[in-house]
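Reader: Hello! Could you take one part of this model and look at it closely, then show me how the surroundings fit around that part?

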Amino acid sequence: MDPTDRNRRAFDDAHRTSENVLATPGIPEPIRERLHGVGGSRVLHLLCGTGRESTELVELGALVTGVDDDEAALDAARRKHPEQPWVHADVHALPPELLLGRWDLVYLGTGSLQRLHALDHWAGGVAAALRPGGVLLLHDEHPAAACLDAFGRWRGDYFAGAGVGTLVGAVTGAGLLLRGLEEWPGRDARVPSHLVLAAEQPDA
């Protein structure tokens with residue numbers, strides 16, 4: 001790698017770090033507006049991390065169980081909110097007690113797409129967890145936006161991760177009905193910045 005490329009990569013990494021520090025965490029307001037009726041619902045928050053969005057769902061009145069395979073993140077969540085249930089599990093192979101078809105909402109938020117890899121296994125678990133009429137709601141950075149560097153140049157491999165097509169295919173292949181798929185622009189209106197997917201478990 002020549003010095004110019006090395007310097008450019010170092011700047012890109014530093015810029016991403018600054019963005020992570022300055023970004024407002026939590027549920028984006030457009031998603032929060034869609035969750036106003038979540039009060040009293042049983043919510044399974046997959047890839048909950050340290051529980052920031054789980055806690056916001058609780059503040060909206062939901063009964064939330066957070067799931068993550070990162071024990072350190074869950075320890076942080078337990079320290080901050082010991083009264084909430086936190087489950088250490090792989091979201092691609094959920095434990096049987098979560099697969100009883102009783103959840104009103106399965107929720108995935110910021111940072112989830114890059115952590116999904118066995119999409120068919122994940123979607124099958126979601127379908128088994130949801131009650132008839134239950135909803136899957138996923139929102140995150142759009143996979144295309146994740147391939148751009150700080151200058152808007154294409155640097156990544158879109159097909160290396162969970163793309164929109166494979167995501168939708170896994171969800172519908174698990175028997176869920178696609179109810180919504182939205183792509184929101186960001187700073188560059190030519191590139192989708194945010195992805196929102198909603199799907200429903202059909203009535204038995």
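Author: Happy to. A residue counts as buried when its relative accessible area is under 20%, and as exposed when that value is over 50%. Please keep in mind that the model is predicted.

With that cut-off in hand, let's start at helix α5. Its buried residues are L119, W122, A123, G125, V126, A127 and A129. A general point helps in reading such a list: an α-helix has 3.6 residues a turn, so residues three or four places apart point the same way. The list holds such spacings, for example L119, W122 and G125 or A123 and A127. What covers these buried residues of α5 includes three strands, β1, β4 and β5, together with helix α6.

Now step back along the chain from α5, into the loop that joins β4 (103-108) to α5 (119-129); S112 is found there. S112 has a relative accessibility of 1%, so this residue counts as buried. Setting aside neighbours within four places in sequence, the contacts of S112 are L47, L138, H139 and D140. The last three of these belong to β5 (130-141), while L47 comes from another loop, the one between β1 (42-46) and α3 (52-59).

L47 deserves a pause of its own. L47 is buried as well, because its relative accessibility is 8%. Most residues other than glycine have a negative phi. L47, in contrast, has a positive phi, near 55°. Right beside L47 in sequence is C48, buried at a relative accessible area of 6%. C147 is buried too, also with a relative accessible area of 6%. A search of the whole structure for disulfides finds zero.

The strands that help to cover α5 lead us to the sheet. Seven strands form an open sheet in the order β3-β2-β1-β4-β5-β7-β6, and their pairing is mixed. β3 (86-88) and β6 (177-185) stand at the edges; each has a single partner strand, so one side of each lacks a neighbour in the sheet. From one strand to the next the twist averages 15°. In that order β1, β4 and β5 follow one another, and these are the strands named in the cover of α5.

Let's follow the sheet to the β6 edge. β6 and β7 (192-200) pair in the antiparallel sense, over eight bridges. A hairpin of six residues links β6 to β7. Two bridge pairs can be picked out in the structure: L177 has E200 as its partner in β7, and W184 has H194. Helix α6 (residues 164-173) packs on the sheet in this region, touching β5, β6 and β7, and its direction makes about 10° with that of β7. α6 is thus a shared piece of the picture, because it touches β5, β6 and β7 and is also part of the cover of the buried residues of α5.

At the β3 edge, helix α4 (residues 71-80) lies across β2 (63-68) and β3, running at about 165° to β3.

Earlier in the chain is helix α2 (residues 29-34), which holds R32. R32 counts as buried, because its relative accessibility is 18%. Apart from residues up to four places away in sequence, R32 touches I27, E56 and L60. The C-alpha atoms of R32 and L57 are separated by 8.7 Å, although the two residues are 25 apart along the chain.

Two ring arrangements are also worth finding. The count of aromatic pairs comes to one. That pair is Y158 and F159: the ring centres are 5.1 Å apart and the planes stand at 90°, so the pair is edge-to-face. F159 is exposed, with a relative accessible area of 73%. The other arrangement involves a charge, since the charged end of R102 sits over the ring of W103, 4.5 Å from its centre.

Finally, here is the frame that holds these pieces. The chain has six helices and seven strands, in the pattern α-α-β-α-β-α-β-β-α-β-α-β-β. Of its 204 residues, 45% count as buried. Of the contacts between residues at least 6 apart in sequence, 64% join residues at least 24 apart. The contact of S112 with L47 is one to look at in that light.

How values were computed: Residues are numbered from 1 along each chain as its sequence is written. This is a predicted model: local features need pLDDT of at least 70, side-chain atom pairs count only at pLDDT 80 or more; totals for chains, interfaces and linings use all residues. Side-chain values use heavy atoms; hydrogens and water are left out. Two strands pair if DSSP finds at least two bridges between them. Helices (H or I, at least four residues) and strands (E, at least two) are DSSP runs, numbered from the N terminus. Axes are lines fitted to C-alpha atoms, for helices over the stretch in contact, and angles run from 0 to 180 degrees between N-to-C directions. Contact means heavy atoms within 4.5 Å. Rings of Phe, Tyr and Trp (its six-membered ring) pair if their centres lie within 6.5 Å; planes under 30 degrees apart count as stacked, over 60 as edge-to-face and the rest as tilted. Buried means under 20% relative accessible area, exposed over 50%, partly exposed in between (1.4 Å probe, protein chains only). A charge sits over a ring if NZ of Lys or CZ of Arg is within 6 Å of the ring centre and within 35 degrees of the ring normal. A disulfide is a pair of cysteine sulfur atoms within 2.5 Å.
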